[in-house]
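User: Could you take a close look at one part of this model for me? I'd like to know how it sits against everything around it.

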Amino acid sequence: MKLLDHLEEWLIAALMASATVIIFVAVVHRYLSGLPIPYLQDYLISLNTSWAQELCIYLFVWMAKFGAAYGVRTGIHVGVDVLINQLNTPWRNKFVVFGLLAGATFTGIVGTLGASFVYQIAQHSSTSEVMEVPMWIVYLAVPLGSYLMSFRFLQVTWAFIKTGELPKHDHSFVEGIEEEVAGGKA
């Protein structure tokens with residue numbers, strides 16, 4: 001399970017880093033292309049970076065789908081649980097499990113419908129406008145991200161049934177800081 005956790009985190013980080021670098025390069029290119037420097041301007045204008053915006057949109061879509069699954073696993077998602085927390089423990093637990101299973105069911109349905117859509121669109125030669133990437137690759141984020149999110153809902157449900165604890169995201173927690181502090185005291 002740790003391998004999947006790390007793969008998920010590295011994928012999100014790589015997508016975010018790639019989009020950031022691509023946007024930075026495209027903005028710098030656009031700015032430098034407007035400067036009246038004889039040879040540099042001609043060279044930069046000859047470079048085509050029209051693909052950068054389209055690629056960044058696709059990277060952010062993939063990042064959002066896998067980021068949502070990460071949010072379920074780590075408890076980052078916002079939840080309105082004022083009424084649920086007012087219930088006594090047995091009823092509260094039943095509603096929490098129901099909500100988690102409803103989330104798993106919904107994202108599983110979205111994943112299945114997305115997989116069907118990807119299969120249908122893969123039967124055609126539909127490509128993206130600028131990069132001419134097959135659109136089924138772009139839309140593959142929907143079933144993959146949704147199935148991962150459904151799995152994460154089931155994972156959280158199982159952990160809640162066993163321990164009675166939901167994942168809580170602590171905004172003040174920084175991973176690895178304990179080792180650094182302990183190393184500084186030695």
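Analyst: Right after helix H7 comes Gly-164, with a positive phi near 80°. This is a predicted model, so take the geometry in that spirit. H7 itself runs 141–163. Its 23 residues should span 33 Å at 1.5 Å a residue, and the end C-alpha atoms sit 32 Å apart, which agrees.

Now for what H7 hides. Its buried residues include Ala-141, Pro-143 and Gly-145, then Met-149, Arg-152 and Phe-153, and further along Val-156, Thr-157 and Phe-160. The buried residues of H7 pack against H1, H3, H5 and helix H6 (135–139).

Much of that picture ties into the nonpolar core. The largest one has 24 residues, and Met-149 and Phe-153 join Leu-100 as those with the most contacts inside it. Helices H1 (2–33), H3 (51–74), H5 (89–122) and H7 each put in at least two residues, with H3 giving the largest share, nine. Separate from this core is another one of five residues, including Tyr-58, Val-133, Met-135 and Val-138.

Leu-100 is a handy place to see H7 from the other side. Skipping neighbours within four places in sequence, Leu-100 is in contact with Phe-153, Val-156, Thr-157 and Phe-160, and also with Leu-166. Phe-153, Val-156, Thr-157 and Phe-160 are among the buried residues of H7.

One last thing, over in H3: that helix holds Glu-54. Glu-54 is buried but has no salt bridge, and the nearest side chain of opposite charge, Arg-30, is 13 Å away. Beyond residues up to four places away in sequence, Glu-54 touches Ser-128, Glu-129, Val-130, Met-131 and Glu-132.

Key:
Residues numbered from 1 in each chain as written. Predicted model: local features only at pLDDT ≥ 70, side-chain atom pairs only at ≥ 80, totals over all residues. Heavy atoms only, no water. Core = buried A, V, L, I, M, F, W, Y, C linked by side-chain atoms within 4.5 Å. Buried < 20%, exposed > 50% of the residue type's maximum accessible area, 1.4 Å probe, protein only. Helix = DSSP H or I, 4+ residues; strand = E, 2+ residues; numbered from the N terminus. Contact = heavy atoms within 4.5 Å. Expected span 1.5 Å × (residues − 1). Lys, Arg positive; Asp, Glu negative; His and termini not counted. Salt bridge = Lys/Arg side-chain N within 4 Å of Asp/Glu carboxyl O.
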